[in-house]
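Thanks for coming. I will take a few minutes on one structure, and here it is on the screen.

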Protein chains: 2
Amino acid sequence: MVDTKDRLVEGALRVLREEGLTGASARVIAAAAGANQALVFYHFGSVDKLLAEACRCGTEARVARYRERFAAVSSLRELLAVGRELHAVERAEGNVAVLAQLLAGAQTDPRLAPVVADGLNLWIVEIETVLRRVTATLPIADLIDVAGLARAVASAFVGLELYEGVDAAGGTRALDALEQLAVLVEVIDELGPVARRALRAKLRRTGAR
Amino acid sequence: MVDTKDRLVEGALRVLREEGLTGASARVIAAAAGANQALVFYHFGSVDKLLAEACRCGTEARVARYRERFAAVSSLRELLAVGRELHAVERAEGNVAVLAQLLAGAQTDPRLAPVVADGLNLWIVEIETVLRRVTATLPIADLIDVAGLARAVASAFVGLELYEGVDAAGGTRALDALEQLAVLVEVIDELGPVARRALRAKLRRTGAR
DNA sequence: GTCTATACATGGATAGAC
DNA sequence: GTCTATCCATGTATAGAC
C-alpha cells in the first residue's frame, strides 16, 4: 500500500482528468484516493495546495517519461513524429487535459498561476532544448527565436488538446495541417544556396524585430 | 433598463471573465446581473443552459465585431496584424478567456461540448475564409489544407491566450516568434521561380498525405 | 496518521405569494 | 416575470477520539 499523501495526489490527478476542475473537491478527491476527506487538509492544508502539488508532480512525471525520446531527436521531422506520439499517448491517458484544466483555473486564481506556469515551463525547457539542436543546421537558424518558438509550441499544443476534446475530427485535421506547415520549414533546409540566400535577405529585412 | 434575460447572459459572461468557471454559480451570476437567483432557473432551466446561451451569444458578438476587419485583409502579413490587434483587444476585455473557460469545462461536460464546439467554429469559419483568400496566390496554395490550418490557428490562439494568463512575458515572446515564422511562408511567395519549383517538388514528395 | 463527527457556507433547484 | 422562502446536497475546514 502506497503512502496516503501520494495516493491523494494520484486521486487529484485522476479527478482532474475525469471530472475536471469543477469536480475537484476535497470529498471527491479523497474518495478517488480511497482516503478520508479530512486528510486532504491534514496533509496539504487546502484543496488548492493539493492541486498545486498534483500539478508539479504530474508534470514532472510526464516530462521525465519523454526526456530520453526527446534526446534522440535530430531533425524537425523526427520532433514532429515524437510530438504526435506524445500527443496520442498523453491524450489517451488524459494527462494534458490535467494541465489544461489547471491552466484554465489559474486564469482567475493567483495562487494557482505560478505553479501552473512552472509546470508548463518544464515542457517548454524540453522543447526548447530539442528545437535549438534541430534548428542549428537550418540556414535561418540565427533568425529564429527558439525560446519564443518553444513557448508557442507548448501553448499551442495545449490549445489543440482542448479543441480536440470538443471536436476530435477537427483536432486531427488541425494537426495534419500543422505537420504540412512544419515540413515547409525543413524543406527550406534542402533548397539550393541561391534560394537560401534570397530567403535570408528577405527575412532579415521583414522578420527581424 | 435591459431585459432581465439578457442581463443574466451578460452577468454570466462577466463572471466567467472575472471568476472563471468554478465561480459561475446561479447566485453569483444573478448578483452580477442585479437579478434574483431564482430567475436563472425560470429563464434558462439550469446554470449549464445559461452558460451555453452565454457562449453562443458572446462568441457571435465577438465574431461579428471583426468580420469587416477580416474582410479587408489581403495578405498573410495583414492577417497577422489583425490577429495581433484582435489578441490585444480581446485579451484586455477578457473575452477569449471566456471561451477558454468554457472549453476547459466542456472537456468533462458532454452538455457543454457541442455548444463550445459551435462557438469555436464561428471563429474557425472566419479564419478559414480569410486564409483561403490570402493563400490563393501562394505557389504552394494547393498543398495547404486551409480548413485544417484554420482549426490549428484558432485552437493555438486559445492556448496562447491561456498561457499568457499565467505568464504574460512568455506569451508575448511566443507571439513574436510565431510572427517570424509566418513571415517565412510569405517570403516564399516572393522567391524566384526556380526555388519555388524546388520547394513544390519537395513538398509534394514529403508533405502530401 | 487516520478516523468520526460536526460546524458552517455555498450551491442547485422548487413552491408559492405577488 | 419577479420575488421570498425553503429544501437538500455538496463543499471547506476543524475538533477531538483512537
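I'll start with one atom pair at the DNA. A backbone N or O atom of A:Ala26 lies 2.7 Å from a phosphate oxygen of DNA strand D. Bear in mind that this is a predicted model, so the distances are computed from predicted coordinates.

The residue before that on the slide, A:Ser25, also has a phosphate contact: a polar side-chain atom of A:Ser25 is 3.2 Å from a phosphate oxygen of DNA strand D. For a base contact, look at A:Gln37, where a polar side-chain atom sits 3.1 Å from a base nitrogen of DNA strand D.

Now the wider surroundings. There are 15 residues around DNA strand D, and those that come nearest are A:Ala26, A:Arg27, B:Thr4, B:Asn36 and B:His43. Of the strand D atoms that come within 4 Å of the protein, 56% belong to sugar and phosphate.

Which class is represented by eight residues on the surface near DNA strand D? That is the nonpolar class; six residues are polar and one is charged.

In terms of helices, H2 (26-33) and H3 (38-44) of chain A and H3 (38-44) of chain B each supply at least two residues of that surface. H3(B) gives the most, with four residues.

Last, the two protein chains. Chain B superposes on chain A by a rotation of 180° with 0.0 Å of shift along the axis, at an RMSD of 0.0 Å. The two copies are thus related as by a two-fold rotation axis. Of the interface residues of chain B, 100% are also interface residues in chain A, so the copies meet through the same surface.

Conventions: Residues numbered from 1 in each chain as written. Chains lettered and ligands numbered in written order. Predicted model: local features only at pLDDT ≥ 70, side-chain atom pairs only at ≥ 80, totals over all residues. Heavy atoms only, no water. Near = heavy atom within 4 Å. Polar contact = N/O pair within 3.5 Å; in protein donor to acceptor, adjacent residues only side chain to side chain. Nonpolar A, V, L, I, M, F, W, Y, C, P; charged D, E, K, R; others polar. Least-squares fit on C-alpha atoms with pLDDT ≥ 70 in both. Contact = heavy atoms within 4.5 Å.
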